[in-house]
Amino acid sequence: NVEPGTSVPAGQVFGGNPAAVLRSLTEKEAAKLAAAQSAYVELSTYHQEELRKTALEIEQDKSDRKWDEERSQDYDAHIGILQHTPRAQVW
C-alpha cells in the first residue's frame, strides 16, 4: 500500500505492503514505459474519435473494411484505380 498523499520519486520500482523502494529503473525499462505511455495516448485518441461516430458512420466503416478485404491490387489495376482512392459513399 502507498498511503494517500505520499510522494514517490520517478524512476524507482516499489513493492510490498507497505510499499518500499526495491530498486531504480534501468534505462531500458524507462524507455519501454515511455513508449507504452505514448502508445496508450495514441490509442485513447483513436477510441475518442470512434466514440464520436454516428451509427451511419460505423456502418460505412464496416462496409469499407469489407470492400478493402475483397479487392486486390490486381483488381484495382484492372479497373483503372489506385488502391488508396476512397470509394464513393454507398448510402
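Strands β1 and β2 form a hairpin with four residues between them, and Gly16 in the turn has a positive phi of about 90°. Helices (DSSP runs of H or I, at least four residues) and strands (runs of E, at least two) are numbered from the N terminus. The structure is a predicted model, in which local features need pLDDT of at least 70 and side-chain atom pairs count only at pLDDT 80 or more, whereas totals for chains, interfaces and linings use all residues. Residues are numbered from 1 along each chain as its sequence is written, and side-chain values use heavy atoms, with hydrogens and water left out.

The chain contains three helices and two strands, arranged from the N terminus in the order β-β-α-α-α. Confidence is expressed as pLDDT, the predictor's score for each residue from 0 to 100. The mean pLDDT of the chain is 82, and 78% of its residues reach 70 or more. Confidence is highest in α1, at a mean of 93, and lowest in helix α3 (residues 73-79), at 63.

Within the hairpin, β1 and β2 pair in the antiparallel sense over four bridges; pairing requires that DSSP find at least two bridges between two strands. Val13 stands opposite Arg23 in β2, and Phe14 has Val21 of β2 as its bridge partner. In a regular strand, side chains alternate between the two faces of the sheet. The loop between β1 (12-15) and β2 (20-24) includes Gly16, and Pro18 is also found in the loop between these strands. The peptide bond from Asn17 to Pro18 is cis, with omega near 5°. Gly16 is separated from Val2 by 14 residues in sequence and by 9.5 Å in space, C-alpha to C-alpha. With a relative accessible area of 58%, Gly16 counts as exposed, the classes being buried (under 20% relative accessible area), exposed (over 50%) and partly exposed (in between), determined with a 1.4 Å probe on protein chains only.

Of the 91 residues of the chain, 3% count as buried. The chain exposes about 7900 Å², of which carbon and sulfur atoms supply 57%. Accessible areas were computed by the Shrake-Rupley method with a 1.4 Å probe, and for residues only the protein chains shown count as cover. Contacts were defined by heavy atoms within 4.5 Å. Among contacts between residues at least 6 apart in sequence, 18% join residues at least 24 apart.

Tyr40, Leu43 and Tyr46 make a nonpolar surface patch of about 360 Å². Patches are made of residues with over 30% relative accessible area and no salt bridge, with like charges joined within 9 Å and nonpolar side chains (Val, Leu, Ile, Met, Phe, Trp, Tyr) within 5 Å. Tyr46 lies in helix α1 (residues 27-51) and is partly exposed, with a relative accessible area of 45%.

A salt bridge was assigned where a side-chain nitrogen of Lys or Arg lies within 4 Å of a carboxyl oxygen of Asp or Glu. By this rule the count comes to four salt bridges. One of them joins Glu29 to Arg23, with the closest N and O atoms 2.9 Å apart. Both partners are partly exposed, Glu29 at a relative accessible area of 25% and Arg23 at 38%. Arg23 is also the residue of β2 that stands opposite Val13.

A further salt bridge links the side chains of Glu50 and Lys53 (2.9 Å, N to O). Glu50 has a relative accessible area of 27% and is partly exposed, as is Lys53, at 25%. Glu50, Lys53 and Asp61 are linked in a network of salt bridges. In helix α2 (residues 55-70), Lys62 and Glu59 lie three residues apart, about one turn of the helix. Lys62 forms a salt bridge with Glu59, with the closest N and O atoms 3.2 Å apart. Lys62 is partly exposed, at a relative accessible area of 43%, and Glu59 is likewise partly exposed, at 38%.
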